[in-house]
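I opened a notebook for this one. My plan is to go through it site by site and write down what I find.

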Amino acid sequence: MDRDTALRLHEAMLLTRLAEERLVKLFRQGKTLGSVYRSLGQEATACATAMALGPDDVIAPMIRNLGSMFVRGATPLEIFLQYLGRATGPTGGREHNNHFGSVARGILAPTSMLGALIPVMAGVALSFRQKGEPRVAMTWIGDGGSSTGAFYEGLNFAVVQKLPLIVIGESNGYAFSTPPDRQMAGRMAERSQGAFTLTVDGNDAAAVYAAAAQARQHCLEGKGPAFLVCETFRMKGHAEHDDQRYVDPALLAQWAAKDPLPRFEAWLALRGWTPAPDLRARLEAELLAAAEAAEAAPWPDPATLEAGVFST
Ligand SMILES: Cc1ncc(C[n+]2csc(CCOP(=O)(O)OP(=O)(O)O)c2C)c(N)n1
Ligand SMILES: [Mg+2]
């Protein structure tokens, strides 16, 4: 990873962390219309993976992959408008999390149906192969989501067809309140069905980036899909309404010591690549301004309720 990429990756991870902290404030003030699903401790698995892609590649994030959307150019204002349900937000107030796409940025809208994006992205990858385009499709799946039929169907199809699909497996210790050993036989990497599989320390942003770049190269060489399992930990409850009392505090402390942000900052420091000293203050100011702008934005007009609803 060169210096410029490393510093952009660090900024994306920090932006993700601070944007979510701002979202939590808005949630506690009763201003968000839904809950807030943190990616605390998982910023590397969202950002470093997306950072390894080329501009023509396409991503389909899940709820905990807000960072990948920032990497692809989504703005804090869009995110806040969305969470606050405002008319000028990407879905015009119809949806209240990060479930919106942007064709121009190569982002397919996240969906909440676990696993559903794997066959969809296998289809996107199929279109790239049929058109002979050197592009890859990337999506994410949790340990819980990898127990769905859609995960198996989609990945199997991609393996059989040798499609340029990268599936990022986020093995983060829980699915809601269920640990993997209560719902999964074996380890997540064993679910690869013949896809090129890598397991990486998901809290080591440099390692995640290197593995994602390797997975992309594998796909571009026409060798079929890659399954990149990131070993990480969900540092908050499923969402802000979940106080995660079922998680052993000692385990949280153990993973807090592996926080991907300070680890990556130490990695940068070793190379003498220093982020701008005012970076955090600048991002915080930008986020505050974006949150205030979102709060001042209009609500959707009830008369538009049926806009975008189709009937036959
Ligand atoms: C097909 C399907 N089944 C159940 C749910 C409800 N649900 C939403 S998130 C979740 C847990 C997801 O756990 P995991 O895949 O490990 O992701 P994490 O939340 O840990 O990032 C469940 C069961 C859903 N959204 N879709
Ligand atoms: Mg999980």
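**Entry 1: the cavity**

Which helices each supply at least two residues of the lining of the largest cavity? I looked it up: α1 and α4 (76-83) each do so. Before going on, I note that this is a predicted model.

I then asked how many cavities of 30 Å³ or more there are, and the structure holds one. The volume of the largest cavity came out at about 40 Å³. I listed its lining: Glu-20, Leu-23, Tyr-37, Ile-63, Leu-66, Ile-79, Tyr-83 and Asn-98. I sorted these residues by class and got six nonpolar, one polar and one charged.

**Entry 2: the pocket**

Next I turned to open space. The largest pocket holds about 470 Å³. Its lining has 24 residues, and those closest to the centre are Met-62, Ile-63, Arg-64, Leu-114 and His-238. I had met Ile-63 already, in the lining of the largest cavity.

Which strand gives the most to the pocket lining? I found strand β2 (residues 137-142), with three residues. By class, the pocket lining divides into nine nonpolar, eleven polar and four charged residues.

**Entry 3: the magnesium ion**

I went to the magnesium ion (ligand 2) and asked for its protein donors. They are Asp-143 through OD, Asn-172 through OD1 and Tyr-174 through O. The distances run from 2.1 to 2.5 Å. Along the chain I read the donor spacing as D-x28-N-x1-Y.

I placed two of the donors in the fold. Asp-143 is in the loop between β2 and α6 (149-161), and Asn-172 is in the loop between β3 (165-171) and β4 (196-201), so the pair ties together parts that are 29 residues apart in sequence.

Are these two buried or exposed? I checked each one. Asp-143 is buried, at 1% relative accessible area. Asn-172 is buried too, at 6%.

**Entry 4: cysteines and helix α2**

I searched for disulfides and the count came to zero. Cys-47 is in no disulfide, and the nearest cysteine sulfur, in Cys-230, lies 12 Å away. Why is there no bond from Cys-230? Its closest cysteine sulfur is that of Cys-47, and 12 Å is too far for a bond. The cut-off I used is 2.5 Å between sulfur atoms.

I also looked at exposure. Cys-47 is buried, with a relative accessible area of 0%. Cys-230 is buried, also listed at 0%.

Cys-47 led me to helix α2 (residues 43-51). Nine of the nine residues of α2 are buried, so the helix is largely enclosed by the rest of the structure. Among them are Glu-43, Thr-45, Thr-49 and Met-51.

**Entry 5: a polar contact on α1**

I came back to helix α1 (residues 3-28) for Arg-17, which is found there. What does its side chain touch? I found a polar contact of 2.9 Å to the side chain of Asp-259. Arg-17 counts as buried, with 9% relative accessibility, because the limit for that class is under 20%.

**Entry 6: positive phi**

I scanned the backbone for positive phi outside glycine and noted two residues.

- Lys-162 has a phi of about 55°. I located Lys-162 in the loop between α6 and β3. Lys-162 counts as partly exposed, at 48% relative accessibility.
- Gln-244 has a phi near 50°. I located Gln-244 in the loop between β5 (226-231) and α8 (249-256). Gln-244 is buried, with a relative accessible area of 11%.

**Entry 7: one distance**

Last, I picked a residue in helix α7 (residues 205-220), namely Ala-210. Ala-210 is partly exposed, at 43% relative accessible area. How far is its C-alpha atom from that of Leu-251? I got 27 Å for this pair, which is 41 residues apart along the chain.

Terms used:
Residues are numbered from 1 along each chain as its sequence is written. Chains are lettered from A and ligands numbered from 1 in the order in which they are written. This is a predicted model: local features need pLDDT of at least 70, side-chain atom pairs count only at pLDDT 80 or more; totals for chains, interfaces and linings use all residues. Side-chain values use heavy atoms; hydrogens and water are left out. On a 1 Å grid over the protein atoms alone, a cavity is a set of points where a 1.4 Å probe fits but cannot get out, and a pocket is an open set with protein on both sides within 12 Å along at least five of seven lines; lining residues have an atom within 4 Å of a point. Grid points are joined across faces, edges and corners, and a volume is the space filled by probe spheres set on the points. Helices (H or I, at least four residues) and strands (E, at least two) are DSSP runs, numbered from the N terminus. Ala, Val, Leu, Ile, Met, Phe, Trp, Tyr, Cys and Pro count as nonpolar, Asp, Glu, Lys and Arg as charged, and the others, Gly among them, as polar. Donors are N, O and S atoms within 2.8 Å of the metal (3.2 Å for Na, K and Ca); water is not among the atoms, so sites may look incomplete. Buried means under 20% relative accessible area, exposed over 50%, partly exposed in between (1.4 Å probe, protein chains only). A polar contact is a pair of N or O atoms within 3.5 Å; within protein, one must be able to donate a hydrogen and the other to accept it, and residues adjacent in sequence count only if both atoms are side-chain atoms.
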